[in-house]
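Colleague: Could you take me through a close look at one part of this model, the way the strands and helices are put together? I'd be glad of a connected account that I can follow with the structure open.

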Amino acid sequence: MVVTALVYSGIPNPSWTIPEARAAEVSRAIAGIPRLDRDCPPQGGLGYSGVRVDIPDRGGAERTWIFAKGVAVSGDHCYADSGRKIERLLLESGRGRVDAALLETMLR
Amino acid sequence: MTKLVKLDVYSGRPNPVWTLSDDLSTQLSTQTGAAPSDGGQGLGYRGFKIIESSSDVQQMATTEDLIGDFSVTSTIFGSADLEKSLMQSGVQAGAIDSGLAGYLADCFGSSASSGSSLTASGGSCPPCGGADAPSYDPGKWNNDPAVQRGNNCYAYANNNPTGTFPQPGRGSGQIFASLDCDGVRPASEKDGLVTTSTYQASRAGWYVALVIWPGQDYHWYRQDDGGCWSHKPGQTPARNTDNSGAAISDPQQCDRGPYTTFCTFMVSSSSVTIS
């Protein structure tokens, strides 16, 4: 399970692999996330715009989720990430791997 | 079916929704002879959507997450008079507060003066001096997830989807030494870009602009053949609006988020080497 903070435009974004125990916690959180029946918000912009997680399945394919501003997007569907709970969980998993000041900015 | 108005403005929280009055419904049917609009893109105001819902909406004002499935029948964007009427109806319904109304009023003025139904706000596009300037074609960069992920602002500005997340200087053997103007500009010059003080002159190639998030990152914009500017923020989709959702008529003046330092305009061409 690879997490990428979507923050930079030119240089590569910070990216890290989550330890197995934390990955299981993230999987459980994502499994219970409620789907929203509305248009997904636009993505992107300059500066921090969300966190992406690529989750491999048993067949070797990957499912990608992007969490930002209380909404998660995967494929054509969007979901509620109440209180940015999963987004913060993913970002916190980068503590020690991402510049501390930048991490605090993204967590705000 | 219940006819409703949805204000498309928020990214995280649900957008406001309210019932469409008979008077406004009539006004819409008589004034929507203009070209249809898809609404604006990016963050901030993107237009009013007229929607139909099978839900029995009792209250005047609600939010889109509470009305169940709905379908969009039309989008109102770039028609200032109609937008003002719709905004007033939202205020009367209690769906739009005074702060949001003030923000919207500024958006209508800008979008009306631009004469465009496809951009959120901002002035009209300046003349394009680059004889070889590319067209704005976001699908080329956004439709394939691998292309979107593998290309950054530098690839986009140089109109070359290398898929390598190219870095200034790497194509000519020496990546930039520091994340400031004096580090990135000379590295991109080695790749073949040419520094210029203005984007007004007619010449071969196309104009690009370099900005810096001090100590953190760099970013590039490019001028498209329509005269306005577009960009691709990292692995996120290419877009022709700034961080406020406005069209970019001059990257020196637009909302650049944390990329607060404007370095210079430069000229790119098909002979620039990036990797």
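Modeller: Happy to. In chain B, taking contacts between residues at least 6 apart in sequence, 66% join residues at least 24 apart. Please keep in mind that this is a predicted model. Chain B holds 7 helices and 10 strands, and buried residues account for 45% of its 275 residues.

Let's start with a sheet in that chain. Five strands of chain B form an open sheet in the order β4-β2-β1-β3-β5, with antiparallel pairing. At its edges are β4 (61–63) and β5 (70–76) of chain B, each of which pairs on one side only. From one strand to the next, the twist averages 30°. As a reminder, strands of a sheet pair through backbone hydrogen bonds, either parallel or antiparallel. For a closer view of one pairing, follow β3 (residues 47–53) of chain B, which is joined to β5(B) by 6 bridges, the two running antiparallel. Here B:Ser53 stands opposite B:Phe70 of β5(B).

Now bring in a helix. Helix α2 of chain B, residues 80–93, lies across β1 (2–8), β2 (16–19), β3, β4 and β5 of chain B. Its direction is at about 90° to β2(B).

Chain A offers strands to set beside this. Strand β4 (residues 50–56) of chain A runs antiparallel to β5 (residues 62–68) of chain A, and 6 bridges join them. A:Pro56 has A:Glu62 of β5(A) opposite. The hairpin of β4(A) and β5(A) has 5 residues between the strands, and there A:Gly60 takes a positive phi near 95°. Moving on along the chain, 3 bridges join β5(A) to β6 (residues 71–74) of chain A, again in an antiparallel run. A:Phe67 has A:Ala72 in β6(A) as its bridge partner. In the hairpin of β5(A) and β6(A), 2 residues lie between the strands, and A:Lys69 takes a positive phi near 55°.

These strands lead us to helix α2 (residues 85–92) of chain A, where A:Ile86, A:Glu87, A:Leu89, A:Leu90 and A:Leu91 are buried. The buried residues of α2(A) pack against β4, β5 and β6 of chain A, as well as β1 (2–6), α1 (20–31) and α3 (100–107) of that chain.

The pairing with α1(A) deserves some time. Two packed helices are described by the angle between their axes and the distance between the axes. For α1(A) and α2(A), the axes come within 10 Å and cross at roughly 165°. With over 145 degrees as the cut-off, α1(A) and α2(A) are therefore roughly antiparallel to each other. Their crossing is left-handed. On the α1(A) side, the contact is made by A:Glu25, A:Val26, A:Ala29 and A:Ile30, and on the α2(A) side by A:Lys85, A:Ile86, A:Leu89 and A:Leu90. By class, the residues of this contact are 6 nonpolar, no polar and 2 charged.

Finally, the two chains meet. Their contact takes 28 residues from chain B and 21 residues from chain A. On the side of chain B that touches chain A, α6 (153–157) and β8 (217–223) of chain B are the elements that give two or more residues. The largest share of that side, 3 residues, is from β8(B). This side of chain B has 10 nonpolar, 12 polar and 6 charged residues.

Definitions and conventions
Residues numbered from 1 in each chain as written. Chains lettered and ligands numbered in written order. Predicted model: local features only at pLDDT ≥ 70, side-chain atom pairs only at ≥ 80, totals over all residues. Contact = placed C-beta atoms within 7 Å. Helix = DSSP H or I, 4+ residues; strand = E, 2+ residues; numbered from the N terminus. Nonpolar A, V, L, I, M, F, W, Y, C, P; charged D, E, K, R; others polar. Pairing = 2+ DSSP bridges. Axes fitted to C-alpha atoms, helices over the stretch in contact; angles between N-to-C directions. Buried ≥ 20, exposed ≤ 12 C-beta atoms within 10 Å, placed from the backbone. Parallel < 35°, antiparallel > 145°, perpendicular 65-115°, else oblique. Left-handed = near helix turned anticlockwise from the far one by under 90°.
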